[in-house]
Amino acid sequence: MSEHKTTEILQEEAAKLWADLESKKSADVKLTPKDRTAIPPQEMPSRDPIKRAHEMGEVALGYTETQARVEAERCIQCPGAPCRKGCPVAVPIPEFISHIQKGDFKGAVDTIKQTNLLPAICGRVCPQEKQCQSFCTVGKMLKTPEKAVAIGRLERFVADWERANNQITVPTPAPETGKKVAVIGSGPAGLTVAADIRRAGHSVTVFEAFQKTGGVMVYGIPEFRLPKEIVAKEVENLKKMGVEFKTSFLVGRTETLEQLLDKEGYDAAFIGTGAGLPKFLGIEGENLIGVFSANEYLTRSNLMKAYDREHADTPLFEAKRVAVFGGGNVAMDGARTALRLGAEKVYCVYRRTRAEMPARAEEVAHAIEEGVDFHFLENPTKFIGDEKGKLTGVELLNYELGEPDASGRRKPVAIPGTEHVLEIDAAVVALGNESNPLMAQTTEGLNVTKRGNIIVDENQKTSIPRVWAGGDIVLGAATVILAMGEGRRAAASMNEYLAGK
């Protein structure tokens, strides 16, 4: 692990690079693609690992202005814009980076917002290394994907610059059409649909089951990765556009979807309720005190702020040795949250190796920096408890990698006779989510898969007239940007339908 560099050190390094670039520009030296690929990638400033592991403040601090200008100069402005092909919402990536190269940060963020109204969020939580950056020509020229242009970090920079400098401009909706749309769920898919529908002049009401808006961005993603004030600001911008929000409104219980359409008179509806039903391991001892789903564990911390012992109403389970099971972003969130909730030792147990982990590389690196102990090629066989029903340990079995499975990753194969016990007093199961069956159970004629995911066509239309769906309720547990991509596609189809109604 490399030595942690402070923001000041990174700024000094960037300043020297920028001075060299400026001198070349003043001498009318045109940078060639080879010159640009020779510029070192800019490291993201972050808080000290030892301190941040016990605090909820945001870990990644964002680029400084100089760093952003230097990183932007690494872009060679490919004519074909291959990076855009990897973006689910087709952000004009070379164009917005070109604005940064010119020092026009407002122009950059306005360019992004042509297709993505949530750049401050996407710049923080999207897996850019698996999407836009995986197509980056610079990374391919260097034969090192990690050295692709840091598109996500640049996106975050201009979005944060806009907010810090009070330069946010709220889109003006088209003239009122008299049509009204119900959006069920205020996660990334729902907010995207609300924005695009409202921009077309239709009335929009967003129904949220929780008392706070933001969906998974609020209850699932921790404060240290995505500050809640950023999500709140995006919701506030939608309110300024005229979008109405109704919280603590559980569609299927408070009112059914059919009632919203027929009784309340909504012309169309979008279902973006996410996938909030946790998966469990299905092993002995899973009902012991101290075994949590990642959903409950993170919701108590993120939405209910259980870590704020003096002010939070929800209880916090005190644990000193915590094991988290899984290898995705949610597992990283759970492990790093456990440290911040007071755990002295946190283990992340994953049945493959680090190379197969679906979590973002940056999140894994941050977890290692903060002291999370990874147990690769291991998997639990049963939980162990005491006479009071409290968790005291977990029995693990060693694995080895076999042939690739359907996902393309090598399949983990158990090694008989390698059982061993890890002493713990809390466990967090982070194996993904399934769809809550409530919507399907209360909506006659809504076609779903065996897993409960809503079936849609290429335009996100469901089996019910006037109803569209998107995000995790369709995809299963996915990413913020993929949910937004489905939201944009649904909104375009809905606007076309409403215009012709």
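Colleague: Hi! Which glycine follows H16, and what is the sign of its phi?
Modeller: Glycine 342 follows H16, and its phi is positive, near 110 degrees. Keep in mind that this is a predicted model.

Colleague: Sure. Staying with H16, how far apart are its end C-alpha atoms?
Modeller: They are 17 Å apart. Helix H16 covers residues 329-340, and at 1.5 Å a residue its 12 residues should span 16 Å, so the two values agree.

Colleague: Nice. How many of its 12 residues are buried?
Modeller: The count is 10, so to speak of H16 as mostly covered is fair. Among the buried ones are Met332, Asp333, Arg336, Leu339 and Arg340.

Colleague: And what do the buried residues of H16 pack against?
Modeller: Both helices and strands. The helices are H3 (49-52), H15 (294-302) and H17 (361-370). The strands are E7 (321-325), E8 (345-350) and E9 (373-376).

Colleague: Switching to the open sheet, what is the order of its five strands?
Modeller: They run E3-E2-E1-E4-E16, with parallel pairing. Strand E3 (244-246) and strand E16 (467-469) are the edges, each pairing on one side only. From one strand to the next, the twist averages 20 degrees.

Colleague: How many bridges join E1 to E4?
Modeller: Four, between residues 180-184 of E1 and residues 268-271 of E4. For instance, valine 181 has alanine 268 in E4 as its bridge partner.

Colleague: Last one: which strands of the sheet does helix H20 touch?
Modeller: Helix H20 (residues 480-500) touches E1, E4 and E16 as it packs on the sheet. The direction of H20 makes about 170 degrees with that of E4.

Terms used
Residues are numbered from 1 along each chain as its sequence is written. This is a predicted model: local features need pLDDT of at least 70, side-chain atom pairs count only at pLDDT 80 or more; totals for chains, interfaces and linings use all residues. Side-chain values use heavy atoms; hydrogens and water are left out. Two strands pair if DSSP finds at least two bridges between them. Helices (H or I, at least four residues) and strands (E, at least two) are DSSP runs, numbered from the N terminus. Axes are lines fitted to C-alpha atoms, for helices over the stretch in contact, and angles run from 0 to 180 degrees between N-to-C directions. Contact means heavy atoms within 4.5 Å. The expected span of a helix is 1.5 Å times one less than its number of residues. Buried means under 20% relative accessible area, exposed over 50%, partly exposed in between (1.4 Å probe, protein chains only).
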